[in-house]
Amino acid sequence: GNSELPTAVNVTWSSINFKTILQWQPKPSGYFYTVEIHGQTSDTQKKCILTTETECDVTDALRNVKETYTAHILSVQSAGMDNFEEPPFASSEKFTPYNQTILGKPEIQNYTQKDSKLNIVFQDPLTPYMFPNGSFQSVRDIFKHDLEYKLYYWKDQSSGKKEATTKSNTFEISVDNTNNYCFYIEATIPSRRENRTGQESMVFCTSVGRTILDEYGAEVFIIIAVIAIAVITLAIVLSVILCKRKKAKAAREKEPLNGI
């Protein structure tokens, strides 16, 4: 009967920007899995019914992102779905999307460095949830004023980082106009206890007024200078040697021939 079926193990939640996947083990043999999502106030929802997979996209069942959910991974036989015996199941840890989903990478749309100002424009990560008009909600639409962004920036070729924070989608910071800068951005929810910071964006570097020294570093110029000095020194030594040889040859030619 169903009570003899093995139950799932290692049940975990994986959620980025509210797209949430349940994963577990092992692969079933001779039976199936069905996922039940239990909310504190919402009705139980069944997902991935009679699946032989070991993961299930449960995003649609977690639309109330501030509610806390528990997942049951039921081990079932197709013929036993309608009997009155409760199938064996494994329970997940509790999961609250608003507090636990990981914030994804912000997308850098534009950046400029002019004079002593670095301006950066970026886009909020999108979620799988839609507005009635069919457009996707962003993480800002859900988190609202709880959402902040952190900018980490540093002089190119340097390791010392500085930080800036904004609640908007732009940064404007003062920089040294004689240097290029590199930077990245990450979203953050300061009110959270866990998963407070999100994934880092790509790293970008400005290229205003870039010189050969910025590009290759001082070490290359030192090597070039040493080679140049060696070449000049060699040329001087060769010139002196050749000059002495010419003088010696001229002196020999002026001597009278012996025996005449």
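Two strands pair if DSSP finds at least two bridges between them. With that in mind, welcome to a tour of this predicted model.

**View 1. Three strands side by side form an open sheet in the order E8-E9-E14.** The pairing in this sheet is antiparallel. Strand E8 (107-114) and strand E14 are the edge strands, and each has a single partner, so one side of each has no neighbour in the sheet. From one strand to the next, the twist averages 15 degrees.

**View 2. Here we look at the pairing of strand E9 (residues 117-123) with E14.** The two strands run in the antiparallel sense and are joined over 5 bridges. To find your way, start at Val121, whose bridge partner in E14 is Thr170.

**View 3. Ser75 sits in strand E6, which covers residues 69-76.** Is Ser75 buried or exposed? Ser75 has a relative accessible area of 0%, so this residue counts as buried. Its surroundings can be picked out by name: leaving aside residues up to four places away in sequence, Ser75 touches Leu5, Pro6, Thr7, Ala8, Tyr31, Phe32, Tyr33, Pro87 and Pro88. One of these, Pro6, offers its backbone oxygen, which the side chain of Ser75 reaches at 2.6 Å.

**View 4. Ser138 is another serine in a strand, this time E11 (residues 136-138).** Its relative accessibility is 9%, and because buried means under 20%, Ser138 counts as buried. Setting aside residues up to four places away in sequence, the contacts of Ser138 are Asp124, Pro125, Leu126 and Thr127.

**View 5. Arg63 and Asp60 meet through their side chains in a salt bridge.** Side chains of opposite charge can pair when their charged atoms come close. For Arg63 and Asp60, the N to O distance is 3.6 Å. Arg63 counts as exposed, at 52% relative accessibility, while Asp60 is partly exposed, at 46%. The count for the model comes to 8 salt bridges, and the next two views show others.

**View 6. Lys167 and Glu148 form a salt bridge, with their closest N and O atoms 3.4 Å apart.** Which parts of the chain does this pair link? Lys167 lies in the loop between strand E13 (162-166) and strand E14 (170-174), whereas Glu148 belongs to strand E12 (residues 148-155). The two residues are 19 residues apart, and the pair links distant parts of the chain. Lys167 is partly exposed, with a relative accessible area of 42%.

**View 7. Glu163 and Lys150 form a salt bridge in which the closest N and O atoms are 3.7 Å apart.** This pair also links distant parts of the chain: Glu163 is in strand E13 and Lys150 is in strand E12, 13 residues apart. At 25% relative accessibility, Lys150 counts as partly exposed.

**View 8. Our last stop compares confidence in helix H3 (residues 212-216) and strand E2 (residues 19-25).** Among the elements of the chain, helix H3 has the lowest mean pLDDT, 53, and strand E2 has the highest, 98. For the chain, the mean pLDDT is 89, and 89% of the residues reach 70 or more. Where pLDDT is low, the predicted coordinates should not be read in detail.

How values were computed. Residues are numbered from 1 along each chain as its sequence is written. This is a predicted model: local features need pLDDT of at least 70, side-chain atom pairs count only at pLDDT 80 or more; totals for chains, interfaces and linings use all residues. Side-chain values use heavy atoms; hydrogens and water are left out. Helices (H or I, at least four residues) and strands (E, at least two) are DSSP runs, numbered from the N terminus. Buried means under 20% relative accessible area, exposed over 50%, partly exposed in between (1.4 Å probe, protein chains only). A polar contact is a pair of N or O atoms within 3.5 Å; within protein, one must be able to donate a hydrogen and the other to accept it, and residues adjacent in sequence count only if both atoms are side-chain atoms. Contact means heavy atoms within 4.5 Å. pLDDT is the predictor's confidence in each residue, from 0 to 100. A salt bridge is a side-chain nitrogen of Lys or Arg within 4 Å of a carboxyl oxygen of Asp or Glu. Axes are lines fitted to C-alpha atoms, for helices over the stretch in contact, and angles run from 0 to 180 degrees between N-to-C directions.
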